[in-house]
Amino acid sequence: MPKPSDLLQGTLDLLILKAINHEPLHGWGIAKRIQVLSDEVLAVQQGSLYPALHRLEQQGWVAAEWKDTELGRQAKFYALTREGRRQLDRELASWSRLSTAVEQVLERA
Amino acid sequence: MRLLRVFRQRMRSLFRGAKVDSELVNELQFHLEQLTRENLAAGMDARTARQAARCELGGLAQVEEECRDHRRVSWLTEMGKDIRYAWRMLRKSPGFTALAVITLAFGVGASLAVYTLAEAMLLRSLPFPSPDRLVAIYSVHALRGTSESIGQEDFRDWQATNTVFERMAFTEFNQRTLTGFGDPERLTGTSVSEGFFEMLGVQPLMGRWFTPREQKPGVDHVVMLSYGFWMRRLGARPDVVGNTIVLSGVPYRVTGIMPANFRFLEWHLSDYWTPIDYVNYGHKNHQYGGYGRLKTGIAVAAAQRQMSEIARRMEKEFADCKGWGARVVSLRSALLEDEVGSALLVFAAAAIVVLLVACGNVASLLLARGIGRSKEIAIRMAMGAGRRRVLRLLLTESLLLSSLGAVAGVVLAWWLVRLAVGVAPAWTQLGALVSMSPTLAIFAVALTLATGVLTGLWPAVRAARAVLQNDLKESGVSLVAGKRQVRTLNGLVVGEIALAVVLLTFAGLLTKSLAQILRADLGYRTDHLLTFRMPLPSSRYKDDQACLQFWDKLRPQLEALPGMISVAASDGVPLGGAASYNPMEIEGRSAAREWAQADGRWSIVTGDYFRTIGIPLRAGRTFNGGDTASAEPVAIVNEAFVRKFLPGENPLDKHARPQGSRWRRIVGVIGDSRYQGPTQTAEPEFYAPLTQAPWIGFVALRTAIPEASVIGPVRAIIRKLDPLLAISQVRTMQQSVDQATQMPRALMALVGGFAGLTLGMSTLGLAGVMAYTVSRRKRELGLRIALGAGRSEIARAVIRSAGGLIAVGAAIGAAGAYFAGQVLESLLYGVRPHDPLVLVAAPIALAAVAVLACLAPAHSAASVDPMAVLRQE
């Protein structure tokens, strides 16, 4: 199995926001979801996930709530706020601009 | 909406910190559990699974700390913690703390005082709308290169031809005697030309300005009063406006009162303002102050260009304008060009040096301490403190130090400002200008923060950069001190020494200058001599006869007082502030010489004047009873007069005169004296007898008993003779001299004090660094001694390395002092800024003290006990 790639600088916020777009998730769930959805290519640095979550919470993009997990243990679930959704749109737009640009360079060069 | 959410988050973080923290721990714990579960599922045993999980998540403490950082309020809560912690650390070493606080207090205090004074002089001295457009206009004498007063006719030509000024005005010093309100009083005021108040743009507190009609000759007996005078003498009665007061026997109608904060700094204080006398002197009589308000958008330089051009044109047109130029200076710069401005500049330079040395000193103290604390810091970082966090903790300590220093500094600043206000000339009204202001508060806080960062940043960065393992492994004492650390400390010490040498040189120059001033031969005696001002008002002493009669009545009564030796009257006395200058002419010589070169002071005195003042007669005779109005006109000149106008000749029986007066035969020559004070050179003097040119301005009394004891009886005699006559400026000659030398004495004391302070700080800093290096090298030294190195050799090595630092610092300082000496130029008397003796003596004096200060660390290096040191291995 190839070593999981490091996340591109600044994309962690985008991935987190996207991961909780449909349903609230706890930190562990977010990490797992990113890993699974990327076919194990992207691995979130566990140490940087929580500071990022707390930052997003402080900025008001996500709201947190303590809820029971399927295992019956309390965990902190993060959900997108309305402003978070808008922020996600903005980040998506800027991401697609960036990736198109990179692709163009790769194709034309 | 989002802001509300953010605000709620912050509040929760701030006030529910414990709950938020426990939630964080819980959250991370959950993550760990999941990881462990996954590892177990992958087939690890329980212990390995937990360990692998921990590894994957990274340091729990670090993650927690990083999350806390994102709460954005952590700085607040942490600052509280840091301050408490820093306070505990400072309390633990009271000696260090006291030293650092006192050092910083001097630096901050001196700088605050300078800022307060500068703000007063620069911002508050011109309480007028757009003060930047106000300028002073001088006549410049090409030959002397000095800025001088202007003439009325020049002013009128300037006013007619210039296009740069919105308004122009000129003023004249004016003195009158107030009668009718209790004791008569001699007042000082200013005569102002039309447009003066309009130029400044101020409104009277009450009443109105003079109308144009009131400024025409004949109907111009109107006066504006200062707020202070109105309060002091007229009881602040509003009905004064519109009524008359009597000045020098002439009734003046009061048209208005100026506001309390109105001040126009003109090198004298004003109790009143009257319309100026318009006299056509042609292009002569440079005796007026010229001022202007620039049109909006016109720069001072542009105005200067046009005025120079006009002056050049006038030189061609009028003979009397030859050699005269014009100079335009913003009013603010004009104020600072004075001695006061130079003194302020020197004070500022000294304060900056003190502040820098204080910062350097405290920085080196902190640095040395920080190196000793590297182990503590390493432990903190191992426990999860980020570098930023450690940096902040250490900076908090230095900021706390600087804040404590600032508090003490405010007290010092207050005292220094009081001192400065005490010695500043009265016309600056410095006391009224100094005040607490928001900008001052901002400056104080900014200065404190800057000082804290300046002293703490470097030591903190160094400490935070420490390599973990090395510091943990190290037992706290290395074999040799790190090269980099020592180099930094050395650099700081060299800088301190250099600055101390600069200030010591300044102090040396000012001391030498003051010594010259105090040693200067004044040419008259300063003991047992009392002088006072007593001008006879021309309204009641209408002719020469009345003046002489009064003197003939007064003199015997004064002479009859017990303890009186001699009594004299004159138009002026040394340091009395009154003097008139005229071009001098010698009979039979061409008078076509340059006006300024032929300048001499001329004076009117009674026969006993020279004996009373204490000026010796060198040749001929003094004035006597035979020199009556009808007798031959005679004069006495001083040696400087002879040197200038009759060099190598016998002056006796030659005829001379001030331009425009009658010829007088020179009957005596007297010694030179410094009429204007110890820093002025003796000028040519020409005296005429009072009996031939009656004019009384001052009275001088030589006594055999303490001068002060005759003041009462003298006043009583004068009051009996003429109850309306005002006397003022009653002082002994010693008081006059003290007053004239007050500024240099205060400046010398101040700079000397600061120099001593920096000398102490820099040598202490040096000794501290040496002691620190010695303590760090104890093991190395112990080894060396054990291997047979002589103790005196070791002591010498310490002194030698200190000597290197001293030499480098002193050399840099001497060079700095050489270049910075110019600042002092205008304040020095009889000594140049590059005085070789002082330039050499200052570094040597510092080196001597510094070497002495290093004896203690050298001794402790030499007395290292090899057994004790090696046992620590």
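1. Let's start with the sheet in chain A. In this predicted model, chain A holds an open sheet of three strands, ordered β1-β3-β2, and the pairing is antiparallel. Strands β1 (25–26) and β2 (62–68) of chain A sit at the edges, each pairing on one side only. If you want to trace one of the pairings yourself, go to β1(A) and strand β3 (residues 74–80) of chain A, which are joined by two bridges in the antiparallel sense. A:H26 is a good place to look, with A:F77 in β3(A) as its bridge partner. As a reminder, the strands of a sheet pair through backbone hydrogen bonds, and they can do so parallel or antiparallel.

2. Now the rest of chain A. Its elements are four helices and three strands, and reading from the N terminus they come in the order α-β-α-α-β-β-α. The C-alpha trace of chain A spans about 55 × 35 × 20 Å along its principal axes. Of the 109 residues in chain A, 42% are buried. Have a look at the contacts too: taking those in chain A between residues at least 6 apart in sequence, 51% join residues at least 24 apart.

3. How does chain A meet chain B? The contact draws 27 residues from chain A and 28 residues from chain B. The size of an interface is often quoted as the accessible area lost when the parts come together. Here the area buried between chain B and chain A is about 2,600 Å², with carbon and sulfur atoms giving 56% of that. On the chain B side, the residues that lose the most area to chain A are B:R2, B:E27 and B:F30, and together they make up 25% of what that side buries.

4. Charges and polar groups join in as well. The rule finds three salt bridges across the interface of chain B and chain A. You can check one by eye: B:E38 forms a salt bridge with A:K32, where the closest N and O atoms are 2.6 Å apart. The count of residue pairs in polar contact between chain B and chain A is seven, with both partners at pLDDT 80 or more. Which elements of chain B give two or more residues to the side that touches chain A? They are α1 (2–15), α2 (17–41), α3 (46–57) and α4 (60–69) of chain B. Of these, α2(B) gives the most, with 13 residues.

5. Next, the strands around β8 in chain B, where both kinds of pairing turn up. Strand β6 (residues 222–225) of chain B runs parallel to β8(B), and four bridges join them; here B:V222 stands opposite B:R253. Strand β5 (residues 206–207) of chain B pairs with strand β8 (residues 250–257) of chain B in the antiparallel sense, over two bridges, and B:G207 has B:G256 as its bridge partner in β8(B). Strand β7 (residues 244–247) of chain B also pairs with β8(B) in the antiparallel sense, this time over four bridges, and B:V246 stands opposite B:P251 in β8(B). The hairpin of β7(B) and β8(B) has two residues between the strands, and B:S248 there takes a positive phi near 50°.

6. On to the nonpolar cores. The largest one has 115 residues, and those with the most contacts inside it are B:F196, B:F197, B:L200, B:F262 and B:L766. Helix α12 (residues 339–372) of chain B supplies the largest share of this core, 16 residues. Apart from it lies another core of 43 residues, including B:I586, B:V637, B:A693 and B:L725. For a closer look, pick B:L200: leaving out residues up to four places away in sequence, B:L200 touches B:F128, B:P129, B:L134, B:F262, B:F264 and B:R293.

7. Finally, try B:T179, which is in strand β3 (residues 165–179) of chain B. Is B:T179 buried or exposed? B:T179 counts as buried because its relative accessibility is 16%, and the cut-off for buried is under 20%. Leaving aside neighbours within four places in sequence, B:T179 is in contact with B:P184, B:V246 and B:L724. You met B:V246 in point 5, opposite B:P251 in β8(B). B:T179 and B:L725 are 546 residues apart in sequence, yet their C-alpha atoms are 8.6 Å apart in space. You may recognise B:L725 from the core of 43 residues.

Note on methods:
Residues numbered from 1 in each chain as written. Chains lettered and ligands numbered in written order. Predicted model: local features only at pLDDT ≥ 70, side-chain atom pairs only at ≥ 80, totals over all residues. Heavy atoms only, no water. Core = buried A, V, L, I, M, F, W, Y, C linked by side-chain atoms within 4.5 Å. Buried < 20%, exposed > 50% of the residue type's maximum accessible area, 1.4 Å probe, protein only. Contact = heavy atoms within 4.5 Å. Pairing = 2+ DSSP bridges. Buried area = accessible area lost by both parts, 1.4 Å probe. Salt bridge = Lys/Arg side-chain N within 4 Å of Asp/Glu carboxyl O. Polar contact = N/O pair within 3.5 Å; in protein donor to acceptor, adjacent residues only side chain to side chain.
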